[in-house]
Amino acid sequence: MMLDSNHLDIEELLGAYALDAVDDRERALVDQHLLECEPCRVETDGHREVVALLSADLEPAPGRVWERIAGALETPARQSLPDNVVPLRREWRTISVRAFNWTAGVAAAVVLAMGAVAITQSSQIGELNDQLAAQEQEISSLALALETDPLEQAVTVALDNPSAQIATLTAEGASGAMLIVVLPDGTGYVYENTLEQLPDDLTYQLWAVIDEKVISAGVLGNRPDIVPFHIDPDGLQALVITQEVYGGVPQSEGDPVVAWFDA
Amino acid sequence: MRPVELSTLGDAPLVTAIGRFSEEALSEAYRRHSGAVHGLARRILRDETLAEEITQEVFLRLWNNPEKFDAGRGSLRSFLLAHTHGRSVDLIRAESARRTREDNDARLTPRQGQNIEEEVWEMALADTIKEALSTLGESERRPIELAYFGGHTYREVAELIGQPEGTVKSRIRSGLKKLKVNLGAVGLETP
């Protein structure tokens, strides 16, 4: 059967899609369509909520399953971060000079190829004052109490901070951009993303070039929404997004998707 | 800052806490949802060992990639169950493909028994859910059960019940829409 990829055909597939009852080609068509069609996305999410109710809690999973899970958890060294900040999923890695040379080369190539890299800098980095930190704590507490998303609250506070730096990561020819806000203490958030969704086996990864060293600043997932990270803001020269395999890589060999360079 | 009682947290702050590497938060998510996750995997796979492996995988994925959960798109429960279902179905279809290579006629046979609907029906669905499902006509209920609990594609369902593919596809969709209303009527609201 030939499947037309128009809205009505896709719409008719949404129920089967929510039940994983489509083939790989149809799944890819629906995945793509859902990126662009809010009504179909809402309908699909609704179907998934309905079928989730069909899976009643019949009996708890055997205790040995939790024991295996708990034994497999990897917890990195905790960092001293505000409570409203999610630490990086992976420890920072300072990658090799060779890798930096590669990245620097690519970065230069990107600059040449793009002609210009859009830079938006709302304000200069300054010191985070105690009052703001206290406000962030309070907002985080209130957000938890109200069961709202504390990350959204944190981004709102960050964007209102006159000392925050806002960077637009973009590139000529790229189909989207990524907006990042960085506070003076190095807390940052990816808060707006119009890059295309990647397949499940790929992820976007954020790299910070600081004092000529390239550091992984976080694995962002295949469809980043709001993602917190933390970097050392002193000596920040560039922020680069690459496309990597699921889980991220310690050092990248891929071309930058979008980038921002300090003026 | 006052201590947070994990059992009172909603999905989004709970997952945020998991993002901060809180094992207690993951344990709370496991307490809330592991029964459904494990139960669904076992229903689909009919194999306790595989069901436990899927359960482990689902919660480790939540630990390793909490950012994949988007509270704006649904509950944590539906997020976890969607992954559970997808992985379980992948296993079934991989097994089905292997059987196909071994025996061209065997692909549907192991799961094609005409009693599958009855088997599914008897697998201790909660009474309220049975009630909501029973309000669907058979033409909508069977395709949903065979696809969701049997792990079949809608084309396989069409073959199993002898209906056109387009009809099955439409009835799955219309059945899910009615089920949403029916589940609300028996006191199970979707978010």
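Q: What makes the order of the 4 strands in the open sheet of chain A that includes strand 1, and how do they pair?
A: In this predicted model, the 4 strands line up in the order 1-2-3-6, and the pairing is antiparallel.

Q: Why do strand 1 and strand 6 of chain A count as edge strands?
A: Strand 1 (165-169) and strand 6 each have a single partner strand, so one side of each is left without a neighbour in the sheet. As for the twist, it averages 25° from one strand to the next.

Q: How do you know that strand 3 and strand 6 of chain A are paired?
A: Two strands pair if there are at least two bridges between them. Strand 3 and strand 6 of chain A are joined by 4 bridges, so they meet that cut-off, and they run antiparallel. One of the places to look is Val190(A), whose bridge partner in strand 6 is Val227(A).

Q: What makes both faces of strand 6 of chain A covered?
A: Look at the residues of strand 6 (residues 227-230) side by side: Val227(A) and Phe229(A) are on one face, Pro228(A) and His230(A) are on the other, and all of them are buried. A helpful rule to remember here is that in a regular strand the side chains alternate between the two faces of the sheet.

Q: Which helix lies across strand 2, strand 3 and strand 6 of chain A, and at what angle to strand 3 does it run?
A: That is helix 7 (residues 150-160) of chain A, running at about 105° to strand 3. Angles of 65 to 115 degrees count as roughly perpendicular, so this value belongs in that class.

Q: What is the strand order in the open sheet of chain A that includes strand 8?
A: Here 4 strands follow the order 5-4-7-8, with antiparallel pairing. Strand 5 (213-221) and strand 8 (256-261) stand at the edges, because each has a single partner strand and one side without a neighbour in the sheet. Neighbouring strands of this sheet are turned by 20° against each other on average, direction ignored.

Q: How do you know that strand 4 and strand 7 of chain A are a pair?
A: Count the bridges again: strand 4 (residues 202-210) and strand 7 (residues 236-245) share 9 of them, in the antiparallel sense. The cut-off is at least two, so the two strands pair. Among these partners, Leu202(A) is matched with Val245(A) in strand 7.

Q: Why is Leu195(A) called buried?
A: Leu195(A) has 21 C-beta neighbours inside 10 Å. The cut-off for buried is 20 or more, so Leu195(A) qualifies. You can find Leu195(A) in the loop between strand 3 (187-193) and strand 4 of chain A.

Q: Which residues is Leu195(A) in contact with, leaving aside its neighbours within four places in sequence?
A: The contacts are Gly176(A), Met178(A), Tyr204(A) and Val257(A). You can also compare Leu195(A) with Thr170(A): they are 25 residues apart along the chain, and their C-alpha atoms are separated by 9.5 Å.

Q: Why is Gly166(B) called exposed?
A: Gly166(B) has 12 other C-beta atoms within 10 Å. A residue is exposed if the count is 12 or fewer, so Gly166(B) fits the term. Gly166(B) lies in helix 9 (residues 165-185) of chain B. Its C-alpha is 8.8 Å from that of Tyr154(B), which is 12 residues apart from Gly166(B) in sequence.

Q: Why are helix 1 and helix 2 of chain B called oblique to each other?
A: The axes of helix 1 (residues 11-19) and helix 2 (residues 23-45) come within 7 Å and cross at roughly 135°. Roughly antiparallel needs over 145 degrees and roughly perpendicular covers 65 to 115, so an angle of roughly 135° is oblique. The crossing itself is left-handed.

Q: Which residues make the contact between helix 1 and helix 2 of chain B?
A: Helix 1 brings Leu14(B), Ala17(B) and Ile18(B), while helix 2 brings Ala25(B), Leu26(B), Glu28(B) and Ala29(B). By type, these residues divide into 6 nonpolar, no polar and 1 charged. Glu counts as charged, so the charged residue is Glu28(B).

Q: How many helices and strands do the two chains have?
A: Chain A comes to 7 helices and 8 strands, while chain B comes to 9 helices and 0 strands.

Notes: Residues are numbered from 1 along each chain as its sequence is written. Chains are lettered from A and ligands numbered from 1 in the order in which they are written. This is a predicted model: local features need pLDDT of at least 70, side-chain atom pairs count only at pLDDT 80 or more; totals for chains, interfaces and linings use all residues. Axes are lines fitted to C-alpha atoms, for helices over the stretch in contact, and angles run from 0 to 180 degrees between N-to-C directions. A crossing is left-handed if the near helix is turned anticlockwise from the far one by less than a right angle, and right-handed if clockwise. Two residues are in contact if their C-beta atoms, placed from the backbone, lie within 7 Å.
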